[in-house]
Amino acid sequence: MLRRVRSSVALLVLAIVAVGCSSSEPSSTASTLPALPITASVDQTSSPPVATPGTIAPTTATAPPSSAAAPSTEPSTSGDQGGLDNDDGYLADGTTLTLGNTGYPAIANLDPPLLAALQAAANDAAVEGLEFRVNSAWRSPEYQQFLFDQAVAEHGGEQEARRWVSTPEESAHVTGDAVDLAPREVQQWLGQHGDQYGLCQAYANEAWHFELLVEPGEACPVPIADASAG
Ligand SMILES: [Zn+2]
């Protein structure tokens, strides 16, 4: 059908061209104009095939950016992080904060007494040349669930996972009552001096995880074995 239409259109065009060439009168060209709508409608019916290359064009258009270095890492990162962002307290791998980064919900949503105790400790540790870095602090329930699911996949079951990552219902990170600190020197310093600020290592298997567990100057409780042992 299309071929027929096209060939007839071609004939029409030829006719128009022929008429246009033979006749110097514009009116005769105008008289053949009613044929033009047909050409237009043929163009429209042939436009779907044109549209298919058009839909291919966007995919090829998105392909170059995805093959480009920066955008290709972005989708993969978003895949890894489960759509989480700063508002969830999420920090990209390798990103650490200071206690002064209160523009980040991870810091801003910490329990104020915990943040104050950490800042006091950080000030005193700074005298000894140590800088508190925060790997993780407040987390949204969604972020905590994401971490828990990851741990389940990694450790092969919920029971083992709970030794390392708490559920959103249990995690002190979700309530803003815990921080994970770095580097190791800071962890060791706070392990020794944290009780002066009420800051204690909560779990024996997490040297980085501190909570405000006692009054300043009181002795910290012995860390429990792991997060599942509470
Ligand atoms: Zn922690």
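Q: Which residues does Trp-208 touch, leaving out residues up to four places away in sequence?
A: In this predicted model, Trp-208 touches Asn-135, Asp-180, Leu-181, Ala-182 and Gln-187. Trp-208 itself sits in the loop between strand E3 (199-201) and E4.

Q: How far apart are the C-alpha atoms of Trp-208 and Gln-188?
A: They are separated by 8.8 Å, although the two residues are 20 residues apart along the chain.

Q: Is Trp-208 buried, exposed or partly exposed?
A: The idea is to count other C-beta atoms within 10 Å: 20 or more makes a residue buried, 12 or fewer makes it exposed, and partly exposed lies in between. Trp-208 has 18 such neighbours, so it is partly exposed.

Q: Which elements does the chain contain, and in what order do they run?
A: There are ten helices and four strands. From the N terminus on, the order is α-α-α-α-α-α-α-β-α-α-β-α-β-β.

Q: How do the strands pair?
A: Strand E1 (residues 133-136) and E2 are antiparallel, with three bridges between them. E2 is also joined to strand E4 (residues 209-212), again antiparallel, by two bridges. E4 in turn pairs with E3 in the antiparallel sense over three bridges.

Q: Which residues stand opposite each other in these pairs?
A: Between E1 and E2, Val-134 has Leu-181 as its bridge partner. Between E2 and E4, Asp-180 stands opposite His-209. For Leu-199, the bridge partner in E4 is Leu-212.

Q: How are the two faces of a strand read, and which residues lie on each face of E2?
A: In a regular strand, side chains alternate between the two faces of the sheet. In strand E2 (residues 179-182), Val-179 and Leu-181 form the covered face, while Asp-180 and Ala-182 form the uncovered one.

Q: Which way do the residues of E4 point, and are they buried or exposed?
A: His-209 and Glu-211 point one way from E4, and Phe-210 and Leu-212 point the other way. All four residues named here are buried.

Q: Which residues touch the most other members of the largest nonpolar core?
A: That core has 36 residues, and Leu-118, Val-179 and Leu-199 touch the most other members. The elements that give two or more residues to this core are helix H6 (105-108), helix H7 (112-127), helix H8 (141-155), E2, helix H10 (184-193), E3 and E4. H7 gives the most, with six residues.

Q: What does Leu-199 touch, not counting residues up to four places away in sequence?
A: The contacts of Leu-199 are Ala-117, Leu-118, Ala-121, Leu-190, Gly-194, Phe-210 and Leu-212.

Q: What share of the residues of the chain count as buried?
A: Of the 230 residues, 23% count as buried.

Q: What share of the contacts with a separation of 6 or more comes from residues 24 or more positions apart?
A: Such residues account for 53% of those contacts in the chain.

Q: Is the peptide bond from Ala-182 to Pro-183 cis or trans?
A: Most peptide bonds are trans. The bond from Ala-182 to Pro-183 is cis, with omega near -5°. Pro-183 lies in the loop between E2 and H10, and Ala-182 is on the uncovered face of E2.

Terms used. Residues are numbered from 1 along each chain as its sequence is written. This is a predicted model: local features need pLDDT of at least 70, side-chain atom pairs count only at pLDDT 80 or more; totals for chains, interfaces and linings use all residues. Two strands pair if DSSP finds at least two bridges between them. Two residues are in contact if their C-beta atoms, placed from the backbone, lie within 7 Å. A nonpolar core is a set of buried Ala, Val, Leu, Ile, Met, Phe, Trp, Tyr and Cys residues joined through C-beta atoms within 7 Å.
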